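Thanks for coming, everyone. I'll put the structure up and then walk through a few spots in it.

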Amino acid sequence: MTDDKDFGYTGSAGDSAFDFPTAAAPSPDEAQTVTMMPLGNPGVSTASGDSAAASTVAFTPLNFGSAPAPAATASGTAAAAISTPLTPSNGGVVPPTFDNGSTAFASADDPDDAVIAVKRKKPVALIVVLSILAALVVLFAGYVFGGQYYFSDKAAPGVSIGGVSVMGQNASELKTTVNNAVKNSSVKVTTENGASTTASLADLGVTVDVDKTVDNLLAATKSNVLSTVNPLSKSDVSLVTTTDKLAMSTYLSDKLIGDDARVINANVEYNADSNQFVATESRDGESPTIDGVVKAVNALAAEPGTTKAVTISTETVAAPISDETAATAAADANKRIDSDIVISNGASKSFTIPSSEIAKWIKTTGDPTKGTIELTYDENAIKSYLAGTLPDKLKQDAVTEENVVNSKGTVITTSVKGVDGVEVTGTDNTAAQVLTALQNGTGSEIKAEVKTTQHETKSRQVNYDVENGDPHMVINLSEQKAYAYNGTTLVKTFNVSTGKTSTPTDTGTFFATLKYQTQTMRGEDYVTPNVQWVTYYNGGEGFHAAPWNVAGIASGTPKSHGCTNMNPDDAKWVYDFLPIGGMVEVVGSTPSSAVR
């Protein structure tokens, strides 16, 4: 038996359990004797009538080899050495094994059928292994998800450009790295007759899209969760480039062939003074073969930061790009700048892109190897321009609508028309539509992406429909009279002279907006200084003193440019009576002659 085993004992006298810690573990071949007490108290009769007494049972331990030599028990008797494991030596039966893994020992002559259960040891080694595995899984998960977070805006492990690792660099740092790689990239071109030049990518008509290259670096090896943090993943990213072969050929001709000998291809240029594209003439002559240079440029795109060497030949040719080709390209370009591209905010504001700005976006790309000139468009310049221009051009501030209501809440008129607020939320989609319009060579009306804020509404109550209410004026054109009211109560009546038939006074409902004690009035055909007691209610129309038109006021003859002419004392009375915001109703029609 081993140390610290648990023994359970049951009998017919009842159910109970006891723990019997043993002494130090014996040798594997040593027979063990266990003395058990029945479940009842010693000396108390059992169900058979006999007193419960201690019972001694001898057991042989597990033996999977040959039979061991007999060993003396605690009582002096020898336990039989048998090959069957866990067999009692005093006539007991082979113990059964329970579901929980314990083994039971039963004595044949035990009057109370005593049972001893021996529990197995816990699998400590297995638990340790599983715990280590679980910890490794947790650490790995932390590494994966932590790496996902860390590299979300940085280049992942294994990403490089030109063989140089950029792991951990953010967009700004990557941009610097790409620009340095471009700066250190060049092609040494030598002709067969020994003329030589070393050219940068820009010299050779190569445009590097730094932003797209940076985007590709940030996206490399991030196809799934594991690849993002896999240190064994490898991705050498190339520069994103476009090549203007005409510019390449022109540069090499300038550097390697004499002015009088070299070929000149027809081309297209923008004339800012005329705001038009024009074609330049061609000339036959000597031309460099550029296929090898193009291959060198492509190699630099894949492996920037180095210098490639190439030897080329020259040949005498007719100008590959003809005057006719250039004239057609210029006409196509002018068609683009002459077509209006209008962008609106979906409300009251719109913006037409200036043709001079569109001209900046149009690029002509010639290819001497094909004899063609193609129009291309600077997408980044379009995006940049619209992002910096549209938010201001299309912004519309909200204007609170102001309604004038009577004592019953009925709207008499709207003194200030409400305007919804509009704000541009993005310009990239608009830029894409502008690019499409340029590619199609047609004008376009585009609605920008905007956020609209509904205007508020407030009301101002006036008591024009009750006796002795608020002050207001009524001008009757047909009668050439003006009436002053407090609510429905008529306060005073005036003779007036309103606008003549060629410059009539507008009819409608208006409200007093401005007042001047003295003002110089100007119009298309007049300037009148020192006009007194001016009360404007409809733009440039208002009440004012007109001492020069006393006869017209007296006879009721319309003579003004649209204002309501009054005698000076009457004009002052109205100036004092009608507050800013006071209503002025103009009714009737302008007579063609005097009404009094």
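Let's start at Leu435, which sits in helix H10, residues 428-440. Is Leu435 buried or exposed? It's buried, with a relative accessible area of 13%, and the cut-off for that is under 20%. If you skip residues up to four places away in sequence, Leu435 touches Tyr377, Glu379 and Ile382. There's also a spacing to look at here: Leu435 and Lys383 are 52 residues apart along the chain, and their C-alpha atoms are separated by 9.5 Å.

I should say right away that this is a predicted model, so please keep that in mind for everything that follows.

Okay, the overview. The chain has 596 residues, and 38% of them are buried. On secondary structure, we have 12 helices and 39 strands. And if you take the contacts with a separation of 6 or more, 62% come from residues 24 or more positions apart.

Next, helix H9, residues 379-393, and in particular Asp392, which is found there. Asp392 is exposed, at a relative accessible area of 60%. From Asp392 to Val424 you go 32 residues in sequence, yet C-alpha to C-alpha they're 8.4 Å apart in space.

Now scroll back to helix H3, residues 210-219. Which residues of H3 are buried? Val210, Thr213, Val214, Leu217 and Leu218. They cover an arc of only 140 degrees around the axis, so they end up on the same side of H3. What do they pack against? The partners are strand S9 (159-161), helix H2 (171-183) and strand S13 (206-208).

Have a look at the ends of that helix, too. At the N-terminal end, Asp209 acts as the cap of H3, with a side-chain oxygen 3.4 Å from the backbone nitrogen of Asp211. Just after H3, you'll find Thr221 with a positive phi of about 60 degrees.

Since strand S9 came up, let me stop at Ser160, which has its place in that strand. Ser160 counts as buried, with 13% relative accessibility. Leaving out residues up to four places away in sequence, Ser160 touches Ser165, Val166, Leu217, Ser235, Asp236 and Val237. So Leu217, one of the buried residues of H3, turns up again as a contact of Ser160.

On to a helix pair. In general, we describe two packed helices by the angle between their axes and the distance between the axes. For H5 (residues 245-256) and H6 (residues 291-302), the angle is about 115 degrees and the axes are 11 Å apart. The crossing of H5 past H6 is right-handed. On the H5 side, Lys245, Met248 and Leu252 make the contact, and on the H6 side it's Val293, Val294 and Val297. By type, that's five nonpolar residues, no polar ones and one charged.

Last stop: strand S37, residues 541-545, where we find His544. His544 counts as buried because its relative accessibility is 3%, and the limit is under 20%. Which side chain makes a polar contact with the side chain of His544? That of Asn565, at 3.4 Å. Setting aside neighbours within four places in sequence, the contacts of His544 include Met521, Trp533, Cys563, Met566 and Ala571, with Asn565 also among them.

That's my tour. Happy to rotate the view if anyone wants another look.

Key: Residues are numbered from 1 along each chain as its sequence is written. This is a predicted model: local features need pLDDT of at least 70, side-chain atom pairs count only at pLDDT 80 or more; totals for chains, interfaces and linings use all residues. Side-chain values use heavy atoms; hydrogens and water are left out. Axes are lines fitted to C-alpha atoms, for helices over the stretch in contact, and angles run from 0 to 180 degrees between N-to-C directions. Helices (H or I, at least four residues) and strands (E, at least two) are DSSP runs, numbered from the N terminus. A crossing is left-handed if the near helix is turned anticlockwise from the far one by less than a right angle, and right-handed if clockwise. Contact means heavy atoms within 4.5 Å. Ala, Val, Leu, Ile, Met, Phe, Trp, Tyr, Cys and Pro count as nonpolar, Asp, Glu, Lys and Arg as charged, and the others, Gly among them, as polar. Buried means under 20% relative accessible area, exposed over 50%, partly exposed in between (1.4 Å probe, protein chains only). A polar contact is a pair of N or O atoms within 3.5 Å; within protein, one must be able to donate a hydrogen and the other to accept it, and residues adjacent in sequence count only if both atoms are side-chain atoms. The arc is that of the directions from the helix axis to the C-beta atoms.
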